[in-house]
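The following exercises are to be worked with the sequence and the coordinates at hand. Each task is followed by a solution in steps.

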Amino acid sequence: MKRLLVLGAGTAGTMAINKLRPMLPPSEWQITVIEPSDVHHYQPGYLFLPFGAYTAEETIEPTDRFIPDGVTRVRAEVDRVDADANVVYLVGGESLPYDYLVIATGTSPRPDQTPGMDDPEVWRKSVHEFYTFEGAMALRETLETWEGGRLVVHITEMPIKCPVAPLEFTFLADAYFAEKGMRDQVEIVYVTPLEGAFTKPVASQLLGHMLEDRKITIEPDFMIDQVDGEAKKIVSMDEREVPFDLLVTIPLNMGADFIGRSGLGDDLNYVSVDKHTLLSTKYDNIFAIGDASNIPASKAGSVAHFSVDLFPQNFVNHVNGKPMTAAFDGHANCFIESGHGKGMLIDFNYDTEPLPGKYPIPGIGPFSLLKETELNHLGKLAFRWMYWNLLLPGKELPLPALMSMAGKQTDALERV
Ligand SMILES: Cc1cc2nc3c(=O)[nH]c(=O)nc-3n(C[C@H](O)[C@H](O)[C@H](O)COP(=O)(O)OP(=O)(O)OC[C@H]3O[C@@H](n4cnc5c(N)ncnc54)[C@H](O)[C@@H]3O)c2cc1C
């Protein structure tokens, strides 16, 4: 009997076990998933929680609901992998041997990595985040009674998961305060380590204009040195200071600590893999999927989805000594909420940046790329249902895993 061990039953791990179980005969393959949390969080919902647009219950389901028959779930946290001995050690001391390992332990916000950020005097009082359930709920409580002032939305360092989420939060905050009739009492500043609103030129220019139109100031190239909670300011490495009344930060994102302890990761604990096959660059029996890997794509549920569409057949080929023929292209597809019931959509990959056009049917849509529409907003809302009912159970969506150029306006590149 061969043993496949999957670490983490978040978005990528859950999709992978649901797709792999029917492909690996139970008489030959034992599949075990290690996941400490009894609840599965729909993380895109964290964006809406601070504004009261989702209830807490809408973002949570029991983890076990999505574990398929024939897969054993171990409720535990991984402490260390001994990749030379093919053994995973759990917190508490138990050990589990494996033949093949799939690491799907994601990435987490780490406010402890920036001096002053998680100071208990200010943390979840005047300094907030919305990248965890607890953080999003605490921010909701603060926003409910906040009387206005200077709101600073801040990104510590890239890469972060869902790199458009801070922009979406900023657009939604603008709309939220306008709808509350207090927009003129709030100054909004967007502070980023990037040189513009986003990483890629065409989208960055458009998103930058959208910030300007909403009278949101952008402070680019800001590499944070510390949060001075007492003086209510953030200070950069080059000694620039940005004062705040309310700071909403995206702390440094890092892979799980055990990856570093096991010698499997880079500086930020991301597992080094081949960007087309997700196979470890060091070990022939270890894969990393979802946010846990170091592939140069967005850390996003959509990337997890498209790559995990291709991964199972590659896995089966690999264990049977055949070549892995499917090459993942870094395909990412993200809705961007822009407030007042509208949203945008971007679709891109390792080589092609987000461009205007229509998706998924070229020339028809119904979704519009890099354009604010109500349909895009409705698409984002509908995605929660698709996540729980189609994606996590490993069902097929009518969306190709690899990005297509059909329907994209390439001449937009010449206009930047
Ligand atoms: C605010 C916000 C908005 C977002 N919006 C979007 C969006 O609109 N579109 C989009 O595509 N993506 C979005 N994302 C990103 C998306 O949620 C993630 O990219 C996706 O969940 C990654 O899946 P994953 O399986 O790699 O990691 P996760 O889903 O985070 O799962 C990791 C799992 O590993 C487990 N784990 C961690 N450490 C250990 C350990 N030591 N031992 C055992 N288990 C462990 C965790 O408990 C967790 O269940 C958003 C994220 C956030 C925070």
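**Exercise 1: Two cysteines**

C162 is partly exposed, with a relative accessible area of 25%. The model is a predicted one. Determine how many disulfides the protein contains, and how far the sulfur of C162 is from the closest cysteine sulfur.

*Solution.*
1. A disulfide is a covalent bond between the sulfur atoms of two cysteines.
2. The cut-off applied to a pair of cysteine sulfur atoms is within 2.5 Å.
3. For C162, the closest cysteine sulfur belongs to C334 and lies 5.4 Å away, which is too far for a bond.
4. C334 is likewise in no disulfide, its nearest cysteine sulfur being that of C162.
5. The count of disulfides is therefore 0.
6. As to accessibility, C334 counts as buried because its relative value is 8%, the cut-off being under 20%.

**Exercise 2: Surroundings of Y350**

State where Y350 lies, whether it is buried or exposed, and which residues it contacts beyond four places in sequence.

*Solution.*
1. Y350 is located in the loop that runs between strand 22 (342-348) and strand 23 (357-361).
2. Its relative accessibility is 16%, so Y350 counts as buried.
3. Beyond its neighbours within four places in sequence, Y350 contacts K275, H276, I295, P296, A297, F328, D329 and G330.
4. One of these partners, I295, is 55 residues from Y350 along the chain, and the two C-alpha atoms are separated by 9.3 Å.

**Exercise 3: Surroundings of H377**

Place H377 in the secondary structure and list what it touches, leaving out residues up to four places away in sequence.

*Solution.*
1. H377 belongs to helix 7, which covers residues 374-391.
2. With a relative accessibility of 15%, H377 counts as buried.
3. The residues touched by H377 are E337, G341, K342 and G343.

**Exercise 4: The whole chain**

Describe the secondary structure of the protein and explain why it is as compact as a globular protein of its length.

*Solution.*
1. The protein has 8 helices and 24 strands.
2. Its radius of gyration is 21 Å, and the globule rule gives 22 Å for 416 residues; the two values are close, so the protein is as compact as a globular protein of that length.
3. Along the principal axes, the C-alpha atoms fill a box of roughly 65 × 50 × 40 Å.
4. Of the 416 residues, 57% are buried.
5. Of the contacts between residues at least 6 apart in sequence, 67% join residues at least 24 apart.
6. The exposed area is about 17200 Å², of which carbon and sulfur atoms supply 51%.
7. The mean positions of the 35 positive and 58 negative charges lie 5 Å apart.

How values were computed. Residues numbered from 1 in each chain as written. Predicted model: local features only at pLDDT ≥ 70, side-chain atom pairs only at ≥ 80, totals over all residues. Heavy atoms only, no water. Helix = DSSP H or I, 4+ residues; strand = E, 2+ residues; numbered from the N terminus. Rg over C-alpha atoms; globule rule 2.2 N^0.38 Å. Buried < 20%, exposed > 50% of the residue type's maximum accessible area, 1.4 Å probe, protein only. Contact = heavy atoms within 4.5 Å. Areas by Shrake-Rupley, 256 points an atom, 1.4 Å probe, with all protein chains shown as cover. Lys, Arg positive; Asp, Glu negative; His and termini not counted. Charge placed at Lys NZ, Arg CZ, Asp CG, Glu CD.
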